[in-house]
Amino acid sequence: MASNSIADIRKEFEEIDKQVLSLIARRMQLSKNIAGLKRDSGIGVIQPDIWHQQMWQRKSESLQLGVNEAFVVKLFSLIHDESVRLQREALEITL
């Protein structure tokens, strides 16, 4: 989409934001789904080694894409925290 004006750019922001929210909703549904699989496999909700590996990958990807690494760390930390919350909720585990 060619962006020739502020209105055009704002419209593009709106479209991207809708896509981002849709992807986040999809990811959160997967978080709920994985909770039972983890329980059945005897795996804890939080797996620090996996989390650190994924964060390292996101940081590497952020550098390749020219996105601020600190921002990416904050964003994915929030996503991870919500995923953990949903998994615990799905398993009826209270904090």
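Helices here are DSSP runs of H or I at least four residues long, numbered from the N terminus. With that convention, α1 gives the most to the lining of the largest pocket, supplying five residues. The model is predicted.

## Chain overview

The protein chain has three helices and zero strands, and from the N terminus on its elements run α-α-α. The radius of gyration is 17 Å, well over the 12 Å that the globule rule gives for 95 residues, so the chain is more spread out than a compact globule. Along the principal axes, the C-alpha atoms fill a box of roughly 55 × 25 × 20 Å.

Of the 95 residues in the protein chain, 18% are buried. The exposed surface of the chain comes to about 7,500 Å², and carbon and sulfur atoms supply 57% of that area. Among contacts between residues at least 6 apart in sequence, 55% join residues at least 24 apart.

## Cavity and pockets

The table gives the volume and the lining classes of the largest cavity and of two pockets.

| Site | Volume | Lining residues by class |
|---|---|---|
| Largest cavity | about 40 Å³ | three nonpolar, one polar, two charged |
| Largest pocket | about 300 Å³ | seven nonpolar, six polar, two charged |
| Second largest pocket | about 230 Å³ | seven nonpolar, one polar, three charged |

A search of the whole structure finds one cavity of 30 Å³ or more. The residues lining the largest cavity are R27, W51, Q54, M55, R58 and F76. Helix α2, residues 48-65, accounts for the largest share of this lining, with four residues.

The largest pocket encloses about 300 Å³ of space. Its lining has 15 residues, of which R27, K38, Q54, S83 and Q87 are the closest to the centre of the pocket. Three helices each supply at least two residues of this lining: α1 (6-41), α2 and α3 (69-90). By class, the lining of the largest pocket includes six polar residues and two charged ones.

The second largest pocket has a volume of about 230 Å³. Its lining consists of R27, R58, E61, S62, L65, V67, F71, V72, L75, F76 and I79. Both α2 and α3 supply at least two residues each to the lining of this pocket, and α3 provides the largest share, five residues. Seven of the lining residues of the second largest pocket are nonpolar and three are charged.

Some residues recur across these sites. R27 is in the lining of the largest cavity, is listed with the residues closest to the centre of the largest pocket, and also lines the second largest pocket. Q54 lines the largest cavity and belongs to the group closest to the centre of the largest pocket. R58 and F76 line the largest cavity and the second largest pocket.

## Residue S31

S31 lies in helix α1. Is S31 buried or exposed? The cut-off for buried is under 20% relative accessible area; S31 has 4% relative accessibility, so S31 counts as buried. Leaving out residues up to four places away in sequence, S31 touches S83 and Q87. S83 and Q87 are both among the residues closest to the centre of the largest pocket.

Technical notes. Residues are numbered from 1 along each chain as its sequence is written. This is a predicted model: local features need pLDDT of at least 70, side-chain atom pairs count only at pLDDT 80 or more; totals for chains, interfaces and linings use all residues. Side-chain values use heavy atoms; hydrogens and water are left out. On a 1 Å grid over the protein atoms alone, a cavity is a set of points where a 1.4 Å probe fits but cannot get out, and a pocket is an open set with protein on both sides within 12 Å along at least five of seven lines; lining residues have an atom within 4 Å of a point. Grid points are joined across faces, edges and corners, and a volume is the space filled by probe spheres set on the points. Ala, Val, Leu, Ile, Met, Phe, Trp, Tyr, Cys and Pro count as nonpolar, Asp, Glu, Lys and Arg as charged, and the others, Gly among them, as polar. The radius of gyration is taken over C-alpha atoms; the globule rule is 2.2 Å times the number of residues to the power 0.38. Buried means under 20% relative accessible area, exposed over 50%, partly exposed in between (1.4 Å probe, protein chains only). Contact means heavy atoms within 4.5 Å. Accessible areas come from the Shrake-Rupley method with a 1.4 Å probe; for residues, only the protein chains shown count as cover.
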